[in-house]
Amino acid sequence: MKKILISGPSEINNACGWVGHWLAKGLAGGKAVSIKLAHETRGETQNRLLWALLACFAEQHQYGGKLRAVEEWKIILISAYKFDPSGIVIGINGEVVNLNYSTSELNKSQFSEFIELIYAQGSEWGIRWSDPAMKIYEEWGAQ
């Protein structure tokens, strides 16, 4: 799979040439060609930062009267970021189910917003960010 990242209007003409080249090459090879336009997805550094921050919550803050696992914090915090009442349904056994909690759908910009929400909530609750979390944050900021 070939990818090109376009970050501004001045790059559109070059991108069209690049796409045309690969379309012609693919079609000449007798293959069907598919083009997908999408926002850039989160990077590996953003992903590592997310899990480091969630670990800080899991180690330091109780929610609902107990410490929660990292995976539970992910659901709690993505629910705060992506809350949509239409995504709340009653499950098969009468339980409340939030269908809004996926982070895999977030593009790079949205994922950055989600990280900022985590920092804001953590600051409000007095979360102390671990050395690994701070190191990854610095790495992310340098990109």
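Let's start in the interior: the largest nonpolar core has 22 residues, and Leu53, Phe114, Ile115, Ile118 and Trp129 have the most contacts inside it. A nonpolar core here is a set of buried Ala, Val, Leu, Ile, Met, Phe, Trp, Tyr and Cys residues joined through side-chain atoms within 4.5 Å. Buried means under 20% relative accessible area, exposed means over 50%, and partly exposed is in between (1.4 Å probe, protein chains only). Helix 2 (44–60), helix 3 (70–81), helix 4 and helix 5 (131–141) are the elements that give two or more residues to this core, and helix 2 supplies the largest share, 8 residues. Helices (H or I, at least four residues) and strands (E, at least two) are DSSP runs, numbered from the N terminus. As background, nonpolar side chains tend to be buried together in soluble globular proteins.

A word on the model: it is predicted, with local features needing pLDDT of at least 70 and side-chain atom pairs counting only at pLDDT 80 or more, while totals for chains, interfaces and linings use all residues. Residues are numbered from 1 along each chain as its sequence is written, and side-chain values use heavy atoms, leaving out hydrogens and water.

Ile115 is a good place to look around in the core. Leaving aside neighbours within four places in sequence, Ile115 is in contact (heavy atoms within 4.5 Å) with Gln46, Leu49, Leu50, Leu53 and Trp140.

Next come the charged pairs. A salt bridge is a side-chain nitrogen of Lys or Arg within 4 Å of a carboxyl oxygen of Asp or Glu, and by this rule the count comes to 4. In helix 2, Arg48 and Glu44 are 4 residues apart, about one turn of the helix, and they form a salt bridge whose closest N and O atoms are 2.8 Å apart. Arg48 is partly exposed at 31% relative accessible area, whereas Glu44 is exposed at 54%. Another salt bridge brings together the side chains of Arg68 and Glu72 (3.6 Å, N to O); Glu72 counts as partly exposed because its relative accessibility is 32%.

Which residue forms a salt bridge with Glu105? The partner is Lys82, with the closest N and O atoms 2.8 Å apart. Glu105 lies in the loop between strand 4 and helix 4 and Lys82 in the loop between helix 3 and strand 3 (88–90), so the pair ties together parts 23 residues apart in sequence. Even with this partner, Glu105 counts as exposed, at 57% relative accessibility. Salt bridges with shared partners also join Glu44, Arg48 and Glu139 into one network.

Staying in the loop that holds Glu105, we can visit Ser102. Ser102 is partly exposed, at 23% relative accessible area, and touches Ile78 and Lys82, not counting residues up to four places away in sequence. Further along, Asn107 lies in the loop between strand 4 (96–98) and helix 4 (108–124). Is Asn107 buried or exposed? Asn107 counts as buried because its relative accessibility is 14%. A polar atom of the Asn107 side chain lies 3.0 Å from the backbone nitrogen of Ser109.

Finally, let's look at Leu27, in helix 1 (residues 12–28). Leu27 is exposed, with a relative accessible area of 54%. Between Leu27 and Glu105 there are 31 Å in space, C-alpha to C-alpha, and the two are 78 residues apart in sequence.

Notes:
A polar contact is a pair of N or O atoms within 3.5 Å; within protein, one must be able to donate a hydrogen and the other to accept it, and residues adjacent in sequence count only if both atoms are side-chain atoms.
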